[in-house]
Amino acid sequence: MAVNDTLEGTRKIVEEAEVQRPNLHPLAPSVNDFNQELTTLNLGPTHPATHGIFQNILQMDGERIVSGVPTIGYIHRAFEKIAERRPFYQITPLTDRMNYCSSPINNMGWHMTVEKLLGVEVPKRAQYMRVILMELARISDHLICNGILGVDTGAFTGFLYLMDEREKIYEIYEEVSGARLTTNMGRVGGMERDFTDVAIEKLRTWLKTFPAVMSEFEKMFNRNRIFMDRVVDVGAISAERALNYGFTGPNLRAAGVDYDVRVMNPYSSYQDFEFEIPVGTKGDTYDRFMVRNEEIWQSLRIINQALENLPQGPYHADAPHYYLPPKQAVYKNMEALIYHFKIVMGEIEAPVGEVYHSVEGGNGELGFYLVSDGGRTPYRLHFRRPCFIYYQAYTEMVTGQTLSDAIVTLSSMNVIAGELDA
Amino acid sequence: MADQNESPAAQEAAAAQDPATQKNAQLLALLHRLFGADTFTDVEEPYGLLTATTTRERIHDIIAGLQQDQELQVNFLTTMCGMHFPDKEGQELGMVYHLHSLVHNVRLRLKIFFPINDPVVPTMTDLYSTANWMEREAYDFFGIQFPGHPNLIRILNVEDMDYHPMRKEYALEDGTREDKTDLFFGR
């Protein structure tokens with residue numbers, strides 16, 4: 001029986017502690033036996049150090065964690081149910097709000113799933129554009145995660161450095177799509193619009209300036225004595241347990257398994273680019289931090305390659321049934337008006353079939369399982385949300401550690417509440 | 001995708017060249033050898049992913065056998081989720097398992113169906129720790145029971161809810177209203 005998941009077990013521990021307690025006033029300190037005095041500590045639901053709305057009911061023996069029960073669902077929004085009533089385009093905003101630190105990846109993953117179902121071939125330029133945006137999203141996701149890990153260990157400076165860079169990434173999003181956080185920039189068949197010259201200029205400038213900042217951040221943390229004392233051997237998980245728990249992404253790679261969806265099942269022309277998969281050895285908080293740092297460098301490599309080799313040509317597929325026609329054409333062209341109307345009203349029917357497509361999200365394998373019965377909406381849509389799957393290992397990872405270790409473990413796992421609950 | 005004008009024989013030859021099809025054929029042969037050919041029905045390959053339907057009596061054996069199999073090493077349970085088909089008499093509810101062999105990079109989808117008035121499925125928590133919350137999610141949303149699960153309580157919804165909201169009979173719109181239909185939700 002898993003330690004982490006049993007309310008029953010927790011109650012038993014409390015009861016046992018109660019039984020063994022000398023018959024004193026409840027507030028009186030137990031003088032003789034500190035070992036059997038357990039404290040129930042509610043970490044969360046809203047605590048600044050939990051970075052989201054989820055609760056951990058921890059049983060503490062002094063400073064040590066004896067067991068814990070995670071409780072989630074505080075921001076559950078019924079995405080899967082809502083998606084059953086929405087045409088494909090209108091599901092895109094739902095995906096934006098899952099992992100809101102890297103929403104373009106969710107977006108593109110969703111559109112690729114629909115394209116697979118509909119059999120739409122995406123032109124090369126759009127694929128490269130997607131790669132650039134997805135890697136930017138990965139970088140911003142990792143920046144936030146590592147920056148916050150710095151804050152949790154008491155170093156605010158690194159966070160400020162990296163937050164500034166994330167701001168610049170959001171400015172690039174803004175040039176590309178008009179939005180900063182909930183970008184909604186992909187479309188079925190390609191991209192909503194082409195990169196503007198300003199966007200490419202901003203991207204190039206950022207690619208030139210960012211490595212210096214990142215190096216400085218790494219210099220500040222990687223071999224920092226105080227930081228290492230707080231994170232080495234903290235919240236470790238073995239490769240075997242990590243696989244059993246369904247870990248993916250940086251958390252799995254930190255444990256030493258080089259599984260990456262971009263390499264195993266390439267999508268969107270990832271096979272064209274050269275990059276490496278960083279792996280750790282121990283699966284502790286330090287390894288997770290280092291793997292994320294290294295992934296940022298690899299993502300930069302991919303962006304540079306994609307930008308240098310960005311093919312000319314259309315930025316969306318010639319798929320009038322699914323891709324909105326240009327607005328000017330809608331005013332003058334009857335065909336365009338019809339398609340525009342049908343797409344906007346969601347009258348386009350999808351073929352019967354079921355499709356599973358996964359992309360490498362900021363936290364790991366983000367999968368979409370879509371069952372279509374031939375209607376205009378999905379019959380059933382299931383998101384494989386990496387956070388939801390690996391967060392259940394959290395209490396097992398922190399059992400036996402101190403409370404401050406639990407905080408850094410949580411932030412290094414990068415649990416995003418929107419993705420956890422969906 | 002094979003060209004429509006090609007002859008069936010040419011299509012077959014082209015399919016045999018395709019590595020994904022070959023992989024699926026090998027995988028299916030292995031499944032048949034390990035668990036018997038009559039265990040699997042409705043074998044198909046939608047979008048290149050081998051899909052097979054089996055029974056809930058066999059599913060635990062199959063997933064355990066695939067996990068322990070030295071040849072294939074299916075060591076990763078990618079995801080599992082419930083389904084509801086109210087029109088299928090006696091097979092209203094379903095569970096879908098996505099499995100993945102990280103060693104050989106082979107994916108596999110297994111399905112089981114069972115009646116809604118007897119929604120009992122063996123738990124996978126003894127094989128994969130990751131099944132814990134996924135089964136709780138399936139219980140929460142579809143009311144599927146997993147005997148042997150260490151802690152089968154609701155996970156995303158409130159505990160005093162008395163229905164399972166992902167079933168098709170629960171509409172998104174407020175059921176007491178007559179002026180709006182569910183059809184227009186989200187428009």
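Tutor: A residue counts as buried when its relative accessible area is under 20%, and in this predicted model Tyr270(A) and Phe273(A) both meet that condition.

Student: Why is the pair formed by Tyr270(A) and Phe273(A) called edge-to-face?

Tutor: A ring pair is described by the distance of the centres and the angle of the planes. The centres of Tyr270(A) and Phe273(A) are 6.5 Å apart and their planes stand at 80 degrees; pairing requires centres within 6.5 Å and edge-to-face requires planes over 60 degrees apart, so this pair is edge-to-face. Over all chains, the structure holds 25 aromatic pairs.

Student: What makes Phe54(A), Phe388(A), Tyr391(A), Tyr394(A) and Trp133(B) a cluster?

Tutor: Ring pairs link these residues, with Trp133(B) joined to residues of chain A.

Student: How do you know that Glu354(A) and Arg109(B) form a salt bridge?

Tutor: The closest N and O atoms of Glu354(A) and Arg109(B) are 3.6 Å apart, and the cut-off is 4 Å, so the pair qualifies as a salt bridge. Across the interface of chain B and chain A, the rule finds five salt bridges, along with 23 residue pairs in polar contact, where both residues have pLDDT 80 or more.

Student: Which element gives the most to the side of chain B that touches chain A?

Tutor: Strand E3 of chain B does, with eight residues, and by class that side of chain B has 27 nonpolar, 16 polar and ten charged residues.

Student: What is the area buried between chain B and chain A?

Tutor: The buried area is about 4,500 Å², with carbon and sulfur atoms giving 55% of it, and 53 residues of chain B are in contact with 48 residues of chain A.

Technical notes:
Residues numbered from 1 in each chain as written. Chains lettered and ligands numbered in written order. Predicted model: local features only at pLDDT ≥ 70, side-chain atom pairs only at ≥ 80, totals over all residues. Heavy atoms only, no water. Contact = heavy atoms within 4.5 Å. Buried area = accessible area lost by both parts, 1.4 Å probe. Salt bridge = Lys/Arg side-chain N within 4 Å of Asp/Glu carboxyl O. Polar contact = N/O pair within 3.5 Å; in protein donor to acceptor, adjacent residues only side chain to side chain. Helix = DSSP H or I, 4+ residues; strand = E, 2+ residues; numbered from the N terminus. Nonpolar A, V, L, I, M, F, W, Y, C, P; charged D, E, K, R; others polar. Phe/Tyr/Trp six-rings, centres within 6.5 Å; stacked < 30°, edge-to-face > 60°. Buried < 20%, exposed > 50% of the residue type's maximum accessible area, 1.4 Å probe, protein only.
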